[in-house]
Amino acid sequence: MIRYFRLAAVAAVALASPAHAAISLQACDSPAFATVLHAAPGKLEARAVWLDRRLAQWPGMASEGRFRLYHAPTGGIHAAAGAKVQGATGSLALTLHAGAVPTPTAQRFKYVAAGPVLALDEADLPRIAQLHREQLVLVREDANGIVLAATRLQGAGALDDLYAAAQALPDLGATPGKRGTSFALWAPTAQQAAVCIYNKGAGRASAVHPLAFDARTGAWRAQVATNLSGRYYTYAVDVIADGAGLVRNLVTDPYSVSLSTDSKRSYIADLDSPSLKPKGWDAQRAPDTVKAQADMSVYELHVRDFSRDDTSVPEKKRGKYTAFGETNSNGMRHLKALAQAGLTDIHLLPVYDIASVPEKACARPAPKGAADSEAQQALVMQTAASDCYNWGYDPFHYNAPEGSYASDAEDGARRILELREMVMNLHRAGLRVGMDVVYNHTFASGQKEKSVLDRVVPGYYHRLDAAGAVTQSTCCDNTATENAMMAKLMVDSAVLWAKHYRMDSFRFDLMGHQPRAAMERLQSAVNMATGRDVQLIGEGWNFGEVENGARFVQASQLSLNGSGIGTFSDRARDAARGGSAGDSGEAVIKQQGYINGLVYDANTLAGARPRADLLQAADTIRVGLAGTVRSYPLANADGVTRKLEDMKYGGQPAGYASAPGETVNYVENHDNQTLYDANALKLPLATSSADRARVQVLGLAINAFSQGVAYFHAGSDILRSKSLDRNSFNSGDWFNRIDWTYQTNFFGSGLPPAEDNAKNWPLFQPLLANPALRPKPEDIAFARDAFRDLLAIRASSTLFRLRTAEEVARRLRFFNVGPQQEPTVIAAHLDGRGYAGAGFTGIRYFINVDKAAHVVVDEAARGKNLRLHPVHGAAAAGDKRAAQARFDAATGSFSIPPRTAVVFVED
């Protein structure tokens with residue numbers, strides 16, 4: 001799970017009068033992002049839930065008394081217990097619903113606790129759509145009208161029922177064309193709306209156009225006779241906001257395709273316009289390297305990290321989209337070399353509009369200090385809210401490119417053009433392009449300035465708890481993609497990126513917070529829009545208010561099997577690294593993993609651990625190598641053969657996927673300590689710098705040889721360090737550096753930021769201060785070249801990229817298994833007979849994590865003609881030690897050097 005940076009919101013609101021005047025041109029130039037038209041202070045919880053347009057459920061409420069729905073167009077209803085309701089303009093009676101709730105509705109709202117289900121009278125139903133544009137308060141009162149209890153209602157169920165037709169809207173947003181410009185905004189609870197037009201990203205409005213309400217869809221529309229391409233706009237929307245009253249929100253478009261500096265105004269653009277296409281855009285295509293999802297080998301990269309410190313890039317392009325056009329820069333030469341070795345995809349950390357990075361005049365601290373000093377992090381954190389850096393898991397506008405990566409954030413066209421140029425340049429380098437998307441939450445909600453969705457349709461787009469507050473289990477304001485129009489926004493957004501920016505794949509942040517059904521609709525939509533397969537992978541973690549299917553069938557590890565959508569697997573990751581992401585204190589050192597010494601090379605804090613722990617870790621590594629597929633039969637260390645779904649991992653089945661392509665294998669990504677840093681913590685201090693590099697390569701080898709998607713964090717191949725930072729999302733440029741000249745990995749850049757690391761500083765300081773833990777350039781070069789060999793080996797044969805669970809069961813066989821195994825050596829055979837693209841009759845691969853050489857025997861290899869993989873025998877081979885491996889055909893025995901991954905092939 002990721003933690004996110006949040007800016008404090010300033011409640012810049014103003015009071016206005018009269019209460020509900022027509023929206024004027026002057027209103028477009030208000031310095032306030034919200035203007036209170038009719039104040040109604042005081043917040044009221046929303047404990048009742050609309051199930052559809054007629055039915056509402058009030059959890060935990062008694063059924064005695066009478067129920068009434070009070071309404072007021074300007075807010076201001078007061079419903080204090082023991083008194084009569086004041087401030088309402090009318091009310092409707094509700095009665096106890098005696099019948100069953102329709103099954104689909106009951107299933108959708110299964111999480112709502114028991115309580116009376118109330119029904120509107122049929123005669124009142126024609127009024128209810130209009131009343132949803134007012135303040136609504138549900139009251140239980142006695143026969144004399146005295147309030148016994150009162151609550152607001154959560155409205156998504158009613159709005160989805162009333163405006164189901166909105167799901168088919170094809171043109172939300174601004175659409176310029178030859179016949180003029182149309183605007184469409186879904187805001188069914190708004191009382192009034194207008195669109196403000198600006199000639200530039202700054203300056204006064206030039207026009208205001210009222211929007212007309214479509215009662216069938218809930219959308220507000222305007223048609224302007226002029227093609228407004230290149231101009232800017234905002235919406236002025238009058239809505240009831242809890243705790244404020246009737247408010248006029250000056251707000252950008254949730255469907256913005258671009259923006260002015262710092263997202264103050266939306267930009268009007270036709271993404272099909274030739275003026276927004278780089279030369280050759282229409283003709284360019286992605287490399288045809290991925291025939292199935294399991295073919296993907298991915299390098300996860302942050303746009304700013306990539307070039308910010310690369311002096312071979314012109315200074316004005318560093319940290320920008322345009323850096324990817326510098327074909328001879330150190331960074332681009334590195335990426336091209338990876339592509340030539342067999343890497344298929346670059347996955348970009350978020351490039352949609354980010355709320356937490358200033359797009360103009362961001363701070364650039366220049367830290368310095370000793371390797372174990374607190375000074376660097378202290379300086380970085382002084383400007384963390386205003387510096388140029390964030391991972392970007394703070395979505396502001398889902399459909400617009402981030403401006404801080406553009407050469408000119410003030411020009412709404414530049415970010416569109418330059419992001420497209422970046423995609424083209426990566427495609428030309430032989431790499432497909434994917435992007436990280438974060439539809440599970442927004443940066444802000446409610447009436448905060450950087451809240452967009454909630455200021456257009458209050459209370460609709462976010463997932464609410466039992467009291468009506470926005471849930472924050474993802475560390476930000478959770479969206480509710482179970483609601484029809486939030487799901488539509490997610491699907492429409494992904495289609496835009498796939499179609500108009502040629503994104504080849506998507507990585508979904510905290511995807512387990514989305515419904516599986518919504519993800520499957522998205523998959524179908526992006527494929528249909530592009531005419532190609534667009535790969536979807538994501539974090540399938542199961543937690544929070546949606547945990548274990550509490551609200552819907554999740555897009556989570558255990559729920560996605562059979563969908564073809566891939567999820568990150570923590571099985572082999574944790575076994576390889578040791579411990580878990582939540583470890584702190586001595587556990588971050590003592591919890592060693594398979595590659596860094598578990599049992600066989602204990603560090604000073606690890607103590608004596610039983611051989612059984614190592615055997616279990618080895619079996620868990622095999623789970624990952626087999627693609628984590630449910631049906632694969634594995635001979636366990638206790639001598640019993642079990643399907644992977646029958647093996648346990650933290651109370652869950654170890655195997656959860658229906659096909660290898662549904663598994664994303666990794667040992668490092670942007671979250672948590674880098675692999676190098678984890679090994680710096682867990683390897684014995686006496687481990688040499690050269691051996692530390694070898695251990696890094698062993699982790700990468702596990703990924704490269706695993707069935708399913710192979711996922712690598714940028715810099716993992718050159719021993720990237722973040723100075724032990726466990727959460728560098730807002731740690732600035734300083735702790736997120738990459739050196740494409742291969743001279744340093746930046747270990748010892750000072751103690752990592754206090755918020756997530758201070759409790760471990762006493763453990764970190766002696767390590768950071770130890771010069772022996774900083775790799776030599778030759779060690780970095782070794783890891784770089786050995787990784788490219790691994791990519792080349794994976795690319796050389798489809799046997800490392802099997803398509804189905806049946807193929808994995810038929811063609812992958814582990815040996816050196818069971819109670820008598822040598823647990824520090826993973827040994828496997830891949831049968832290539834009759835398999836398209838296998839390249840070899842058979843492959844045997846080995847991963848020896850021990851400091852000593854080992855001999856393992858495969859009886860089935862007796863008499864076979866096996867040789868080292870050609871990559872190992874090449875003059876430019878990165879790991880010369882691999883060439884020392886030997887095979888004895890007479891005995892079927894293989895001699896594997898220490899800390900080496902090696903592959904033999906049979907022609």
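The sulfur of C476 lies 7.0 Å from the closest cysteine sulfur, that of C475, which is too far for a bond. The reverse holds for C475: its closest cysteine sulfur is in C476, at 7.0 Å, again too far for a bond. A disulfide is taken here as a pair of cysteine sulfur atoms within 2.5 Å. C476 is buried, at 0% relative accessibility. C475 is partly exposed, at 25% relative accessibility. Buried denotes under 20% relative accessible area, exposed over 50%, and partly exposed the range in between, with a 1.4 Å probe and protein chains only.

The model is predicted: local features need pLDDT of at least 70, side-chain atom pairs count only at pLDDT 80 or more, and totals for chains, interfaces and linings use all residues. Residues are numbered from 1 along each chain as its sequence is written, and side-chain values use heavy atoms, with hydrogens and water left out.

Two disulfides are present in the structure. Such a link is a covalent bond between the sulfur atoms of two cysteines. With the bonded cysteines of the protein numbered in sequence order, the pairing reads 1-2, 3-4.

One disulfide joins C28 to C196, with an S to S distance of 2.0 Å. The link of C28 and C196 is left-handed, with -75° about the S-S bond. C28 belongs to helix α1 (residues 25–28) and C196 to strand β13 (residues 192–198), so the pair ties together parts that are 168 residues apart in sequence. Helices (H or I, at least four residues) and strands (E, at least two) are DSSP runs, numbered from the N terminus. Both ends of this link are covered. C28 is buried, with a relative accessible area of 3%. C196 is also buried, at 0%.

The other disulfide is formed by C362 and C388, whose sulfur atoms are 1.9 Å apart. The link of C362 and C388 is right-handed, with 85° about the S-S bond. C362 sits in the loop between β22 (352–354) and α7 (375–382), and C388 in the loop between α7 and β23 (395–401), so the parts tied together by this pair are 26 residues apart in sequence. C362 is buried, with a relative accessible area of 14%. C388 counts as buried too, at 5% relative accessibility.

Strand β13, which carries C196, pairs with β17 in the antiparallel sense over seven bridges. Two strands are treated as paired if DSSP finds at least two bridges between them. Within this pairing, A193 has V237 of β17 as its bridge partner. Strand β17 (residues 232–241) is mostly covered, with ten of its ten residues buried. Burial extends to both faces of β17. One side holds Y232, T234, A236, D238 and I240. The other holds Y233, Y235, V237, V239 and A241.

β17 has further antiparallel partners. Strand β18 (residues 243–251) is joined to β17 by seven bridges and runs antiparallel to it. In this pairing, Y235 stands opposite V251 of β18. β17 and β18 form a hairpin, with one residue between them. Strand β19 (residues 266–267) is joined to β17 by two bridges, also in the antiparallel sense. Here the bridge partner of Y232 is Y267.

Elsewhere, eight strands form an open sheet. Their order is β9-β8-β5-β6-β7-β4-β3-β10, and the pairing is mixed. The edge strands are β9 (147–151) and β10 (153–154), each pairing on one side only. At the β9 edge, strand β8 (residues 135–141) and β9 pair in the antiparallel sense over four bridges. One of these contacts sets R140 against its bridge partner A149 in β9.

Helix α14 (residues 611–625) comprises 15 residues. From its first C-alpha to its last, α14 reaches 21 Å, close to the 21 Å expected at 1.5 Å a residue. The expected span of a helix is 1.5 Å times one less than its number of residues. Eleven of the 15 residues of α14 are buried, so the helix is largely enclosed by the rest of the structure. The buried positions of α14 include L614, L615, A617 and A618. Also among them are D619, T620, I621, R622, V623, G624 and L625. G627 follows α14 and has a positive phi, near 80°.
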